[in-house]
Amino acid sequence: MSATTSPLPRIRISGRSFLALTLTPEAPLEDWLSALDHQIARSAGFFAGKPIILDLGMLDAETQHLADLLPALKERGIRVMGIEGGDRSWPALADWDWPENFAGGRASAEIDIPEDDVPEAPGPRTLILENPIRSGQQVVWPDGDVIILGSVASGAEVSAGGSIHVYGPLRGRAIAGIGGNGEARIFTRALEAELVAIDGFYATAEEMNADQTSKPAQVALSGETLTFLPLT
């Protein structure tokens, strides 16, 4: 009696890259955090949903208030995915939830943080963009929804205080609900994003629901978890 065996499934591996930002604090930390708060106020949503590497290379074990640095960043909605330049043995870091860092990676030039210069207006407003968002472009609209009639290319980023509607494929990064709007959603005709985020909670491509990939989908926030639903 012979047994039949099914062929093993093929293991599919592909590459995907996205930009991680590096923050390099300086002493005294109270002044540095004040400067960070000032920058966040001028550039709403810039850090929302972005992966951050914390570089401690300009600090040392005796830096005052070092123990409070990581909690202070989390309070500001900055999510640290890796730490470098420091030493886990420093007493001030004993209570830190130290994430495993990523090996490799090449440093890029310093990034100019865009400042919000949109005049204030009463109530939320909707930004409608008729052209596709090309790779390298960044759209920040803290005042309401963003509607994109075309696509969002890989390497592009769209941030909105409300929801994001993409009538074409979403291949770049979409960050909705900046400023604390957990009711915001992300809608697209084809979910192929590098990263999606709502109210500071984010998911990379590898963490998204595979059943919704390359299909019409919407992303919503349920508690502290992003959910991926079909768009019908």
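**A tour from Leu149 to the β11-β12 hairpin**

Start by selecting Leu149, which lies in the loop between β6 and β7 (157-160). Keep in mind throughout that this is a predicted model. Is Leu149 buried or exposed? Its relative accessibility is 41%, and because the partly exposed class runs between 20% and 50%, Leu149 counts as partly exposed.

Next, add Ile128 and Tyr167 to the selection. Together with Leu149 they make a nonpolar surface patch of about 320 Å².

Now select β6, residues 146-148, and β8, residues 164-170. These two strands run parallel and are joined by three bridges. To find a point of contact between them, pick Ile147: opposite it, in β8, stands His165.

Widen the view to the sheet. Six strands form an open sheet, and their order is β4-β6-β8-β10-β13-β14. The pairing in this sheet is mixed. Which strands are at the edges? They are β4 (127-129) and β14 (225-230), each of which pairs on one side only. From one strand to the next, the twist averages 20 degrees. As background, strands of a sheet pair through backbone hydrogen bonds, in either a parallel or an antiparallel way.

Last, go to β11 (residues 195-198) and β12 (residues 201-204), which pair in the antiparallel sense over four bridges. Select Ile198 and look across to its bridge partner in β12, Phe201. The two strands form a hairpin, with two residues between them. End the tour on Asp199, which is in the turn and has a positive phi of about 50 degrees.

Terms used. Residues numbered from 1 in each chain as written. Predicted model: local features only at pLDDT ≥ 70, side-chain atom pairs only at ≥ 80, totals over all residues. Heavy atoms only, no water. Pairing = 2+ DSSP bridges. Axes fitted to C-alpha atoms, helices over the stretch in contact; angles between N-to-C directions. Patch = residues over 30% accessible without salt bridge, like charges linked within 9 Å, V, L, I, M, F, W, Y side chains within 5 Å. Areas by Shrake-Rupley, 256 points an atom, 1.4 Å probe, with all protein chains shown as cover. Salt bridge = Lys/Arg side-chain N within 4 Å of Asp/Glu carboxyl O. Buried < 20%, exposed > 50% of the residue type's maximum accessible area, 1.4 Å probe, protein only.
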